[in-house]
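User: Hi! I am new to this structure and would like a close look at its sheet and what lies around it. Could you walk me through that part step by step?

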Amino acid sequence: MKTYEKLFTILSQADDYVNGESLAQTLGISRTSIWKAIQRLEKEGIQIDSVKNRGYKLKAGDLLIPEIIEKKAPIKVSFNPNCQSTQIDAKAGLEAGGEANTLYLAAAQSAGRGRFGRDFFSPKQGGFYMSLHLKPNLSFDQIPAYTLLTAGAIYQAVKNLTLIDIDIKWVNDIYYKDKKIAGILTEATTSVETGLVTDIIIGVGFNFCVNDFPEELQAKAGSLFTEQPPVSRNELIAEIWRCFYESDPQDLLYLYKKHSLVLGRQVSFQQNNQTYKGIAREISDSGQLLVQLDKGESIWLNSGEISLTSW
């Protein structure tokens, strides 16, 4: 760990102020180095209270520390402090021959993208953005429904750590209190020679503790927390991927369906420039949505946009 990361870890575990001399002795560095580390933390958005003759106390904010995540989840973490997009980072890692089960992580993105190439709001503070690289090397029909499994893992992780119940909107959105707090983007690479899916990249953007949304997003974007969270981003990230790797896939699919926002509700969607309405009846294990149209006909949707007719 870097010095400022070690300092943050000490302050995050302390119940009261920790004086600078004690910090310097613990870390084996000078008081000047402590001050520089404090400045670095404040640059990262960490709020620290400094009182003469008492020392320093963490007030708000947290720091993404790869080593903490790696201790709790079966993944390697690659952190980029100047990230355009973790999907771009993951693809670069893939092309460079990077190993599987690597998580490309960032605290912010300058060019985040969601499904259909849309911009993905990625503020400088309060969120986390990550892309997991997998190497399934399977035929397309054998590929698990990674988007559904990831959503199920997110639900389980949030529930485990906070007891909060979140909702899942087909196919890739996480909602809390009727607002979107996270999105999932899964991309695949297929070998022309073998026809197998060689690589999968699962991207997740998550509003962890965000309060300042652009005006055009305020009505529909939300955050898991709006005040100082009871858990850290490191804990939640590690728990998400621990659940992803260690849970029975059928259990994660069950959670996805059980906490679906759309099942049993009227939805609308467009196909061939026509708008259709119906009741969402079922989600298959491969991620298809069965909609019973108003005229009684049923149709399976493989992907695409749906809107909830009533909220």
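Analyst: Happy to. Let us begin with two terms: helices (H or I, at least four residues) and strands (E, at least two) are DSSP runs, numbered from the N terminus, and two strands pair if DSSP finds at least two bridges between them. The model is predicted, so local features need pLDDT of at least 70 and side-chain atom pairs count only at pLDDT 80 or more, while totals for chains, interfaces and linings use all residues. Residues are numbered from 1 along each chain as its sequence is written, and side-chain values use heavy atoms, with hydrogens and water left out.

Now to the sheet. Seven strands form an open sheet in the order S3-S4-S5-S9-S8-S7-S6, and their pairing is mixed. At the edges stand strand S3 (76-79) and strand S6 (167-169); each has a single partner strand, so one side of each is left without a neighbour in the sheet. On average, neighbouring strands of this sheet are turned by 20° against each other, direction ignored. As background, strands of a sheet pair through backbone hydrogen bonds, either parallel or antiparallel.

Let us zoom in on the S6 edge. S6 runs antiparallel to strand S7 (residues 173-176), and three bridges join the two. One example is Asp 167, whose bridge partner in S7 is Tyr 175. In the loop between S6 and S7 sits Val 171. A cis peptide bond joins Trp 170 to Val 171, with omega of about 5°.

Moving on along the chain, Lys 177 lies in the loop between S7 and S8. Its phi is near 55°, a positive value in a residue other than glycine. Asn 101, in the loop between H5 and S4, also has a positive phi, near 65°. Both details are worth a look, because most residues other than glycine have a negative phi, and most peptide bonds are trans.

How open are these spots? Buried means under 20% relative accessible area, exposed over 50%, and partly exposed in between (1.4 Å probe, protein chains only). Lys 177 is exposed, with a relative accessible area of 65%, whereas Asn 101 counts as partly exposed at 30%.

A salt bridge (a side-chain nitrogen of Lys or Arg within 4 Å of a carboxyl oxygen of Asp or Glu) links Lys 180 with Asp 173, their closest N and O atoms being 3.1 Å apart. Lys 180 counts as partly exposed at 26% relative accessibility, while Asp 173, at 11%, counts as buried.

Next come the helices that lie across the strands. Here contact means heavy atoms within 4.5 Å; axes are lines fitted to C-alpha atoms, for helices over the stretch in contact, and angles run from 0 to 180 degrees between N-to-C directions. Helix H5 (residues 86-95) lies across strand S4 (102-106), strand S5 (127-134), strand S8 (179-190) and strand S9 (197-207), running at about 155° to S9. Helix H7 (residues 233-246) lies across S4, S5 and S9, and runs at about 30° to S5.

H7 has a salt bridge of its own: Arg 242 pairs with Glu 246, the closest N and O atoms being 3.0 Å apart. These two residues are four apart in the helix, about one turn. Together with Glu 239, they are linked in a network of salt bridges. Arg 242 counts as partly exposed at 27% relative accessibility, and Glu 246 is exposed at 52%.
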